[in-house]
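Please open the model in your viewer and keep the sequence panel beside it. The stops below are meant to be selected one after another.

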Amino acid sequence: MTGDELVAWLASVFPGMQLSLVDARAVATAELNGANVAVTAGFSGTDMGLVALDDGGPEVVCEVMAVGDVDKQVLAEAVVDATRELERLGMPGQPGVLLEGLLADAPGTVRHGLLREPEVFAQGTPMVREPRRITLLLELIALTDEEFGIASEQGYPVLERRLRRRGVDVKDWCREEG
């Protein structure tokens, strides 16, 4: 996918988006269902070695998005920091990846990040399928220390059930522990 095609795809997912640079990386910001959102606009050009099948299936790449009740610039910095951390760790972006301390300087009570399949789209995860490549969105959600501990020790499925049972709004970056 060319840069223009990527921007067109992101604009179809996030109408009214604005492009800017954060730490020399392109990021789009917009509103989605009344909440602020930021999404990388070019991280999918980074080959992190993930393929759909063990036998040489299509390459899988992603753009990282975040939705929250904080300023769009804070979200933009968070998604760029997430991509930098993935590169530093040599880890492909995929659901379940925990990013300890990623949001240590962010406003609110959250300090860590977790990548998951986005849960903000009614028709599932937006993606683009090309003959040898799949580009999809991953959502970065912000975690408190307690939530990070649960995900680290018991896995994301346990944390996800707990968040749902308690009605936790992960867009709230100032939520209380417990």
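**A walk through the model**

Start on the surface by selecting Asp71, Glu77, Asp81 and Asp105, which together form a negative surface patch. The model you are looking at is a predicted one. Within this patch, Asp71 belongs to the loop that runs between strand S4 (59–68) and helix H2 (72–89), which makes that loop a convenient landmark for the stops that follow.

**The loop between S1 and S2**

Next, select Asp23, which sits in the loop between S1 and S2, and display its backbone: its phi is near 50°, a positive value in a residue other than glycine. Ala24 is found in that loop between S1 and S2 as well, and its phi, near 65°, is again a positive value in a residue other than glycine. Colour Ala24 by accessibility, and it should stand out as exposed, because its relative accessibility is 70%.

**Salt bridges between distant parts of the chain**

How many salt bridges does a search of the whole structure find? The search finds 11 salt bridges, and three of them are worth selecting here, beginning with the one in which the side chains of Asp23 and Arg84 meet at 3.0 Å, N to O. This pair links distant parts of the chain, since Asp23 is in the loop between strand S1 (18–22) and strand S2 (25–32) while Arg84 is in helix H2, 61 residues apart. Arg84 is partly exposed, with a relative accessible area of 30%.

Now move to Arg133 and Glu59, whose side chains meet in a salt bridge of 3.6 Å, N to O. Here too the pair links distant parts of the chain, with Arg133 in strand S8 (residues 133–143) and Glu59 in strand S4, 74 residues apart.

**Helix H4 and its two sides**

Select helix H4 (residues 156–166) and show its side chains; its buried residues are Tyr156, Leu159, Arg162 and Leu163. Turn the view until you look down the axis of H4, and these buried residues fall within an arc of 125°, so they line one face of the helix. On the other side of H4, Arg164 and Arg165 are exposed.

While H4 is still selected, pick out Glu160 and Arg164, whose side chains meet in a salt bridge (3.1 Å, N to O). Why are Glu160 and Arg164 separated by about one helical turn? They are separated in this way because they are four residues apart in helix H4. The two partners fall into separate accessibility classes: Glu160 counts as partly exposed at 22% relative accessibility, whereas Arg164 is exposed, with a relative accessible area of 53%. Extend the selection to Arg116, Glu119 and Glu139, which salt bridges with shared partners join with Glu160 and Arg164 into one network.

**A last stop in strand S3**

Finally, select Ala35, which is found in strand S3 (residues 35–40). Is Ala35 buried or exposed? Ala35 counts as buried, because its relative accessibility is 9%, and the cut-off for buried is under 20% relative accessible area. Add Gly90 to the selection and draw a distance between the two C-alpha atoms: Ala35 and Gly90 are 31 Å apart in space, C-alpha to C-alpha, and 55 residues apart in sequence.

Technical notes:
Residues are numbered from 1 along each chain as its sequence is written. This is a predicted model: local features need pLDDT of at least 70, side-chain atom pairs count only at pLDDT 80 or more; totals for chains, interfaces and linings use all residues. Side-chain values use heavy atoms; hydrogens and water are left out. Patches are made of residues with over 30% relative accessible area and no salt bridge: like charges are joined within 9 Å, nonpolar side chains (Val, Leu, Ile, Met, Phe, Trp, Tyr) within 5 Å. Accessible areas come from the Shrake-Rupley method with a 1.4 Å probe; for residues, only the protein chains shown count as cover. A salt bridge is a side-chain nitrogen of Lys or Arg within 4 Å of a carboxyl oxygen of Asp or Glu. Lys and Arg count as positive and Asp and Glu as negative; His and the chain ends are not counted. The place of a charge is taken as NZ of Lys, CZ of Arg, CG of Asp or CD of Glu. Buried means under 20% relative accessible area, exposed over 50%, partly exposed in between (1.4 Å probe, protein chains only). The arc is that of the directions from the helix axis to the C-beta atoms.
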